Amino acid sequence: MAKIENYNFAGKKAIVRVDFNVPLDENGHITDDTRIRGALPTLKKILADGGSLILMSHMGKPKGKVNPKFSLSQIREDVAKALGTDVKFVPDCMKASEAAAELKPGEVLLLENLRFYPEEEGKPVGIDKADPAYEDAKKDMKERQKNFAKQLASYADVYVNDAFGTAHRKHASTAVIADNFAPENKMLGFLMEKEVQAVDNILKDIKRPFTAIMGGSKVSTKIGIIENLMDKVDNLILCGGMTYTFAKAQGGKIGISICEDDKLDLALDIIKQAKEKGVNLILGTDCVAGDSFSNDAKTIICPSNDIPDGWEGLDAGPKTREAFEKAIIPSKTILWNGPAGVFEFDNFTAGSRAIAEAIVKATENGAFSLVGGGDSVACVNKFGLADSVSYVSTGGGALLEAIEGKVLPGVAAVQ
Ligand code: AMP
């Protein structure tokens, strides 16, 4: 694999898989351009070397069909502004040969949403998995995906993958395309390199104590990472909505709090595993409960396992926040994924804020802190603390899979 920092792009056409899957409002205006800004170091290096850029990305879930709501033409101007140069646009990513051939050094071409073609994701469409013909359809789609990737590759001399957000997917543009380039002409972009390094810091270079904080609404979506972390961490804080699945599993009364009734045994098993492995498992002991799921709900502080009927736990209580701080502040490695409460409601941000502020303190004391996953990133942004932690990851699913120890197809493909 080539290294972007050592590569000279002069006179080369580089096709770069970026993650421009940015959120848009109802008028098609970008509401958060973090992902575009994240790709700039790579894109600017290529242009500064005298290379030309072919940018490809997905946006939303158009499910293999053309849908103007997800057209990347909507962000063309924003990309141009961010790069400080004009951006050409091709409305069909399979018909860009001419436009690519005409690109001169320093010029930029943006391709239309890759997911307007089912070949990008490579899943057979319009056929049920139970259908006997499904296996044949899958094989056929794999072939089509290879050809789709080959066409994209034909536009360029070099392939750069800088889309960490989709690195856990084996899609045409994130992995399959790499087979069409020699090892010296494919590489990770700067953003990907940084993300991979941040995960390495967490997994390979653990300074202790290591505290992982997992929050969010459900146990089910985090179970893989929780089990993987169990072998690595000293402290494991499980917070947010999953608190109440644990409380109920242990015989607690949780009112109308969010709960996964089919995960009660799993919760008990996690408690058992933590004991066996000597992990300090920290679960909420008290909570801020509301009488409805709204910012204006009436609130009480009560034990997380004794919530009155008709009330629901929406945030961590004061004793719980103190327990979080006690574990986090002396830590030397910290991973945070998922809020400790319904942080979108201003009246239920205290738990998440306590975590964020404790992480900042630990970071000031020399800890390496990684915050990742959409909602925890939104939290640190909301509290204005994004610059005070060691690293804020752009990846949600990709980050979790990397930390679970899985090899990301988007990284493996260029290595
Ligand atoms: P996830 O997508 O699983 O990471 O969950 C993130 C979501 O969990 C956020 O939208 C939070 O509002 C939500 N959440 C956190 N704590 C609670 C809670 N106690 N009850 C309901 N939702 C919660």
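On a 1 Å grid over the protein atoms alone, a pocket is an open set of points with protein on both sides within 12 Å along at least five of seven lines. A molecule sits in a pocket if more than half of its atoms lie within 2 Å of its grid points. The model is predicted: local features need pLDDT of at least 70, side-chain atom pairs count only at pLDDT 80 or more, and totals for chains, interfaces and linings use all residues. Residues are numbered from 1 along each chain as its sequence is written, and side-chain values use heavy atoms, without hydrogens and water.

**Exercise 1.** State which pocket the ligand takes, and describe the shell around the ligand.

*Solution.* Step 1: the ligand takes the space of the second largest pocket. Step 2: 16 residues surround the ligand (a heavy atom within 4 Å); Ser217, Lys222, Gly313, Glu344 and Asp375 are the closest. Step 3: by class, this shell holds six nonpolar, six polar (Gly among them) and four charged (Asp, Glu, Lys and Arg) residues.

**Exercise 2.** Identify the atoms of Ser217, Lys222 and Gly313 that pair with the ligand.

*Solution.* Step 1: polar contacts are pairs of N or O atoms within 3.5 Å. Step 2: Ser217 places a backbone N or O atom 3.0 Å from a ligand oxygen atom. Step 3: for Lys222, a polar side-chain atom lies 3.0 Å from an oxygen atom of the ligand. Step 4: a backbone N or O atom of Gly313 is 2.9 Å from a nitrogen atom of the ligand.

Conventions: Polar contact = N/O pair within 3.5 Å; in protein donor to acceptor, adjacent residues only side chain to side chain. 1 Å grid on protein atoms, 1.4 Å probe; cavity = no way out; pocket = protein on both sides within 12 Å on 5 of 7 lines; lining within 4 Å.
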